[in-house]
Every structure is written in structure tokens, then in C-alpha cells.
Amino acid sequence: MFKKITFALFTLVILWLLYSTFKPAITEKAKIEDKTTTSINTSVKTEELIPKETVEDSAYAFIPDFNYRQGDVVPVEIKNFIKKDFDRYEIKTNIKGDFSALEIYMLDGLPFALIPITSSTKPDIYKVEVYKNEKLLSTTIFKVNKREFEIQHLSINKSFEEKKTPENLESDKNALKNAKKTSSTTPLFTKKFIYPVKDYSVTTSFQAIRFVNDTNIIYRHSGIDMAVPKGTPIECSNSGKVTFAGETVSGGNTVIVDHGLGIFTQYMHMDKIHVKKDQELKQGEILGEVGTTGFSTGAHLHFDACIENTYVDPEQLINYNILNNLE
Ligand SMILES: [Zn+2]
């Protein structure tokens with residue numbers, strides 16, 4: 001009996017000794033494990049609160065507040081961009097146009113783009129997205145408001161109608177498109193655009209809907225028709241460089257001027273042309289005289305503004321300070 005009690009006590013002492021020896025180690029291990037868990041949690045929390053991309057790049061599109069309508073131009077600036085990454089940014093919009101991503105220009109140290117709104121764009125809310133390395137960084141929204149377009153019923157004499165063959169229209173279209181292919185990447189102007197003639201009356205407004213010779217064929221009038229006497233001098237709407245000076249079937253004597261940043265102005269039905277291709281022009285310089293060449297029924301200047309192959313309202317360019325810092 002005594003032997004059994006002694007054995008039991010001996011076993012208890014051994015167990016207690018074993019426990020005392022390993023207890024601090026077990027506690028220490030648990031403590032280390034605790035620390036590890038805490039540190040993992042902290043790092044997850046930090047990442048959730050401040051997403052990596054936001055810390056690195058919070059670039060976004062800034063659009064000035066304006067009553068943008070169908071046919072207007074929307075200027076876009078990228079703010080908070082990282083200078084060294086300039087050529088890695090892309091600006092995309094869900095406004096439909098002759099572009100996928102918009103051309104980005106560097107203007108006074110800021111990335112800048114212009115969105116031309118076609119006149120057929122549905123009045124709605126649209127978005128402008130800034131991407132870097134194909135990753136979406138931010139989305140800005142803006143509204144396109146409705147504009148009333150004039151409706152005209154027009155009679156064109158038979159000889160004009162006969163010249164309006166698909167081939168002729170196609171060759172005109174190509175000639176005009178080629179002249180607007182490349183634009184200076186810096187603005188060639190420092191002032192607001194001006195009307196190329198004075199004391200005019202508008203006979204057809206921007207994007208007027210035209211029904212010709214009582215048919216159902218609709219033409220959209222790309223610019224504004226400004227009626228003035230034949231021989232009236234035409235002033236260049238802004239400084240730039242001539243990219244086309246010659247004849248087209250519908251436009252008659254035509255001049256196209258590049259102003260940089262993808263902005264072009266176009267002058268048609270001129271009686272005489274006074275400039276040559278590649279000539280640099282200052283704002284107000286005379287580029288020709290008003291006439292009635294091409295598809296025209298009387299002396300007038302047909303005046304267009306075009307961005308990314310989209311005709312935009314030339315009067316918005318004249319009245320709105322598109323680059324924000326124009327004289
Ligand atoms: Zn016209």
C-alpha cells in the first residue's frame with residue numbers, strides 16, 4: 001500500500017517538473033503566434049482602407065461646367081496625374097465618334113483632350129474615363145443637352161444634282177478627310193476664334209436638316225452659311241497652317257486650316273483663294289474672297305469647324321474659351 005502511494009506521488013512530482021520546464025516555452029509560442037496574427041490583420045486592414053492604385057495615382061478627368069449641347073466640343077483636363085507617366089494615360093468616352101481613345105495633348109503642363117459631340121448624339125449623361133496601363137483609374141460624368149436643329153426644304157437645280165454622284169461625293173469626302181488627318185500637337189493659336197466675315201446673315205444654320213428637291217433624302221449641313229456680297233474678303237478664324245487649298249465638287253474653292261490639337265476650320269464656295277497649302281496664317285489674315293463656286297445658289301461663305309473628323313458648332317468655338325486661357 002505504502003509503495004503504491006509513493007509511486008503515485010513520485011509520478012505527480014515528475015509531471016509537475018515537466019510542466020514547469022515547458023510552460024514558459026508554450027506561452028512564448030502562443031504569444032508569437034498572437035503577434036503574427038495581429039500583424040497580418042493590420043496589413044490587410046491598411047490595404048482595404050487605402051487601395052494601392054489610389055495611393056499611387058488618383059488622376060481624373062476635369063470637365064468645366066457648361067451647357068454642352070449636341071454638336072459642341074467638351075474640353076477635358078487630366079488632374080492629379082503623374083508627370084513621368086504622361087504617355088501611359090488614356091482617355092475614353094462612351095460618346096460615339098470617329099475615335100476609340102481620345103488624342104491627349106500636353107497643354108501648359110497638363111494633359112488635355114477635346115471631345116467632339118456629334119449632332120446625332122442622344123441627349124443623355126455620358127462618361128469620361130481615365131486609364132493607365134489599361135487599368136481604369138476614374139470616371140467623370142457630363143451631360144449632353146438637346147439642341148433644336150433647323151429644317152429646310154431646298155430646291156437644287158438639275159445640273160448640281162447630276163454632279164452629286166456617289167463617286168464625286170466620295171472623292172470630296174476623302175480629300176477633306178486627308179487634309180484633316182494630322183494636326184499640330186501644340187495649339188497654333190492664343191486667341192479665341194473669330195467670325196471670318198462681318199455683317200453677314202446666316203442663311204443655313206449649323207447641322208440644319210435639309211430635304212432636297214422634295215425627296216426623302218436628308219442631308220445634314222455641316223457648318224454655317226454666311227451670306228455676304230461676292231468678293232468680300234474672308235479672314236482666317238484663328239492662327240494656323242493651311243492643309244488644303246483647292247477645288248472640291250461640292251465645296252467649290254475650298255481652304256482648310258489646322259489650328260492644332262485636332263481643330264480645323266474649313267471655308268467653301270470661295271470666288272478666289274489667296275493662300276497655298278502649308279502656308280502659316282495669323283488670325284484675321286485674308287485667305288480668299290467670298291463667291292458661289294461648287295454646290296451653291298448665291299454668294300456666301302460656308303464655314304465649318306471640325307475635330308476628330310466630327311463637325312462641331314463653329315459658334316461655340318468663337319464664343320467659348322475652349323482652352324480656358326485664350327485672349
Ligand atoms: Zn453651306
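Two strands are said to pair when DSSP finds at least two bridges between them. With this in mind, the tour of this predicted model can begin.

**The whole protein**

Display the full chain first. The protein has 327 residues, and 31% of them are buried. Its secondary structure consists of 5 helices and 21 strands. Of the contacts with a separation of 6 or more, 67% are between residues 24 or more positions apart.

**Stop 1: an open sheet**

Select strands β4, β3, β7 and β8. In that order these 4 strands form an open sheet, and their pairing is antiparallel. The edge strands are β4 (101-102) and β8, each of which pairs on one side only. Strands of a sheet pair through backbone hydrogen bonds, either parallel or antiparallel.

Now keep β4 and strand β3 (residues 89-93) on screen; 2 bridges connect them in the antiparallel sense. Which residue of β4 is the bridge partner of Lys92? The partner is Ala101.

**Stop 2: the loop between β7 and β8**

Move to the loop that lies between β7 (124-132) and β8 (135-144), and select Asn133 there. Most residues other than glycine have a negative phi. Asn133, which is not a glycine, has a positive phi of about 50°. Is Asn133 buried or exposed? A residue is exposed if 12 or fewer other C-beta atoms lie within 10 Å of its own. Asn133 counts as exposed because it has 10 C-beta neighbours inside 10 Å.

**Stop 3: strands β9, β11 and β12**

Select strand β9 (residues 151-154) together with strand β11 (residues 209-212). These two run parallel and are joined by 4 bridges. To locate one of the pairs, select Ile151, whose bridge partner in β11 is Ile209.

Next, add strand β12 (residues 218-220), which runs antiparallel to β11 and is joined to it by 3 bridges. Here Arg210 has Tyr219 of β12 as its bridge partner. β11 and β12 form a hairpin, with 5 residues between the two strands. In the turn, select Asn213, where phi is positive at about 50°.

**Stop 4: strand β20**

Select strand β20 (residues 301-307). How many of its 7 residues are buried? The count is 7 of 7. Both faces of the strand are covered: Leu301, Phe303, Ala305 and Ile307 lie on one side, while His302, Asp304 and Cys306 lie on the other.

Then bring in the strands that are bridged to β20, beginning with strand β13 (residues 224-227). β13 and β20 run antiparallel and share 3 bridges; Met226 has Leu301 as its bridge partner. Add β17 as well, which is antiparallel to β20 and joined to it by 6 bridges. Gln266 stands opposite Asp304 of β20.

Finally, select strand β21 (residues 310-312). The antiparallel strands β20 and β21 are joined by 3 bridges, and the bridge partner of Cys306 in β21 is Tyr311. Together β20 and β21 make a hairpin with 2 residues between them. Glu308, in the turn, has a positive phi of about 50°.

**Stop 5: the loop between β17 and β18**

Close the tour at Asp278, in the loop between β17 (263-273) and β18 (280-281). Asp278 is not a glycine, yet its phi is positive, at about 75°. Why does Asp278 count as exposed? The reason is that Asp278 has 9 C-beta neighbours inside 10 Å, and a residue with 12 or fewer counts as exposed.

Technical notes:
Residues numbered from 1 in each chain as written. Predicted model: local features only at pLDDT ≥ 70, side-chain atom pairs only at ≥ 80, totals over all residues. Buried ≥ 20, exposed ≤ 12 C-beta atoms within 10 Å, placed from the backbone. Contact = placed C-beta atoms within 7 Å.
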